[in-house]
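Open the model in your viewer and keep the selection tool at hand. The stops below go one at a time.

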Amino acid sequence: MTTSNRRYHITTFGCQMNKADSERMAGILETMGFEPSEEPHDADLILYNTCTIRDNAEHKVYSYLGRQAKRKHEQPNLTLIVAGCVAQQEGESLLRRVPEIDLVMGPQHANRLQDLLEQVFDGNQVVATEPIQIVEDITKPRRDSTVTAWVNVIYGCNERCTYCVVPNVRGVEQSRTPEAIRAEIEELSRQGYKEVTLLGQNIDAYGRDLPGVTPEGRHQNTLTDLLEYVHDVPGIDRLRFATSHPRYFTERLIKACARLPKVCEHFHIPFQSGDNEVLKAMARGYTQEKYRRIIDTIRHYMPDAAISADAIVGFPGETEAQFENTLKLVADIGFDLLNTAAYSPRPSTPAALWTNQLSEEVKSDRLQRLNQLVEMKAAERSQRYLGRIEEVLVEDQNPKDPTQVMGRTRGNRLTFFPGKIEELKGQSVKVKISEVRAFSLTGERMMNAE
Ligand code: SAH
Ligand code: SF4
Ligand code: F3S
């Protein structure tokens, strides 16, 4: 079957891993001759890259799918693909629910899209959800940005947090080799990218499944070693990494981040709860005291570091007093950004079966109270930027004001300032901050002479 003049549209839900997978799948489709289509209804191939982290994320995709399934009756050569975490969770049962789907593919199969599509074009309905050794990434991803890029370093997760579907849908940890990661970053640099974010669901686990032990018995392929190994790729100005797990975050890593100039002073370390009993029930493997020590150590070496995190309210059995411990942690630490969520019971996770579930009212009340505090604290944290000169890597035009460009500080604060995107895209410039909001800043560019 010819794919020339055929157009594709990808809708991505969920986290950065899904976004990175979508970019790789878009790259595969373009190598096969597909062209991108802005509008789903103009496309001949629709791919939903799905998320199932919470119930509402999962349900979104069913409403989208329903519309396209109808369209398929008028346009039988429409190809309908469900990829990502809902695909992995539901597998064949998705075909029973929506028989118009041509291909159901789990996240581990993203790099195999061409092979799977060929089976579809041969007239098969295909389900690819069996666990596999992820094939090394030889695709040319179609990246959404031309300045910043994601690079997967470890797939999967071996933790067993009692609320979380990720280990079920993303499989066991599989690290890419340092050589493959460095080669990808070198290629990004040749293409003009300036910032790279290394990605993993539990990035601190990087390298545990790779060989290599030092004479002292220490694992050689840790995240710290990786940062050191890729740090000198010329042309790349900034390195970031996410997501960190407090259980494994080491002082050695913190010292390396402080020492390595390209590693940005921003750390995303979800704590989930500020209460030790709840943390235990979540099987997170640390206490709130340990979490506070990590942040203290980071601030000891990098006093201005930005800290962001995720937290869940309304975990089964969480009492008002336990919830207040989360508020207390948030008030004490002062996060630059906190992603908050009400607990959502997920299929095949232990906590979903417990009988001490909280009501939706309690959960949403706690969520609201936490969000208020987060916003207040983030606004306070923003104040420290006022009048300061920050290095901003320019990514794009401000979509709301074409006379301005936007980029991020090293601490990951979104920053706007007057300027022309044609001149400034991809440049690191000094910006004097004149206005601060909870989650973004505005400033003026400093000219060299100033
Ligand atoms: N690997 C990361 C997080 C991955 S999922 C970590 O260990 O922290 C992203 C976030 O979604 C989590 O940090 C958590 O806050 C939230 N989350 C995961 N499962 C959830 C559930 N069942 N209900 C509500 N929020 C959840
Ligand atoms: Fe989920 Fe826990 Fe793994 Fe994060 S570390 S992806 S929360 S199981
Ligand atoms: Fe969602 Fe899967 Fe990411 S469930 S949060 S897309 S790993």
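**Stop 1: a cis peptide**

Start in the loop between β11 (238-242) and α9 (251-259), where Thr-243 sits. The model is predicted. Select Ala-242 together with Thr-243: the peptide bond joining them is cis, with omega of about 5°.

**Stop 2: the largest nonpolar core**

Stay with Ala-242 and add Leu-198, which is in contact with it. Leaving aside neighbours within four places in sequence, Leu-198 also contacts Val-151, Val-153, Ile-181, Ile-185, Ile-203, Leu-226, Leu-227, Arg-240 and Phe-241. Now widen the view. Leu-198 belongs to the largest nonpolar core, which has 54 residues. Leu-198, Phe-241, Phe-271, Tyr-291 and Ile-298 touch the most other members. Color helix α12 (residues 320-333) next: it gives this core the most, 5 residues. A second core is separate and has 22 residues, including Ile-10, Ile-81, Leu-117 and Val-126. Nonpolar side chains tend to be buried together in soluble globular proteins.

**Stop 3: helix α7**

Select residues 178-190, helix α7. How far apart are the end C-alpha atoms of α7? They are 18 Å apart, which agrees with the 18 Å expected for 13 residues at 1.5 Å a residue. Show side chains for the buried residues: Pro-178, Ala-180, Ile-181, Arg-182, Glu-184, Ile-185, Leu-188 and Ser-189. An α-helix has 3.6 residues a turn, so residues three or four places apart point the same way. What do the buried residues of α7 pack against? Their partners are β7 (148-152), β10 (195-199) and α8 (223-230). Ile-181 and Ile-185 are among the buried residues of α7, and both contact Leu-198 from the previous stop. Just after the helix, check Gly-192, whose phi is positive at about 100°.

**Stop 4: two ligand sites**

Select ligand 2 and show what surrounds it. The shell consists of Cys-157, Glu-159, Cys-161, Tyr-163, Cys-164, Val-166, Pro-167, Gln-201, His-245 and Arg-284. By class, that is 6 nonpolar, 2 polar and 2 charged residues.

Move to ligand 3. Around it are Cys-15, Asn-18, Cys-51, Thr-52, Ile-53, Cys-85, Arg-170 and Gln-201. This shell has 4 nonpolar, 3 polar and 1 charged residues. Pick out Gln-201: it appears in the shell of ligand 2 and in that of ligand 3.

**Stop 5: strand β15 and its partners**

Jump to β15 (residues 389-398). It runs antiparallel to β18 (residues 428-436), joined by 5 bridges. On this side, Val-392 stands opposite Val-429 in β18. β15 also pairs with β16 (residues 401-408), again in the antiparallel sense, over 5 bridges. Here Gln-397 faces Val-405 in β16. How many residues lie between β15 and β16 in their hairpin? There are 2. Side chains in a regular strand alternate between the two faces of the sheet.

**Stop 6: two positive phi values**

Follow the chain out of β16 to Asn-412, in the loop between β16 and β17 (414-418). Asn-412 is not a glycine, and its phi is positive, near 80°. Is Asn-412 buried or partly exposed? Its relative accessibility is 25%, so Asn-412 counts as partly exposed.

Finish at Gln-272, in the loop between β12 (266-268) and α10 (276-282). Gln-272 has a positive phi of about 70° and is not a glycine either. Gln-272 counts as buried because its relative accessibility is 8%, under the 20% cut-off.

Terms used: Residues are numbered from 1 along each chain as its sequence is written. Chains are lettered from A and ligands numbered from 1 in the order in which they are written. Side-chain values use heavy atoms; hydrogens and water are left out. Two strands pair if DSSP finds at least two bridges between them. Helices (H or I, at least four residues) and strands (E, at least two) are DSSP runs, numbered from the N terminus. A residue is near a molecule or strand if one of its heavy atoms lies within 4 Å of it. Ala, Val, Leu, Ile, Met, Phe, Trp, Tyr, Cys and Pro count as nonpolar, Asp, Glu, Lys and Arg as charged, and the others, Gly among them, as polar. The expected span of a helix is 1.5 Å times one less than its number of residues. Buried means under 20% relative accessible area, exposed over 50%, partly exposed in between (1.4 Å probe, protein chains only). Contact means heavy atoms within 4.5 Å. A nonpolar core is a set of buried Ala, Val, Leu, Ile, Met, Phe, Trp, Tyr and Cys residues joined through side-chain atoms within 4.5 Å.
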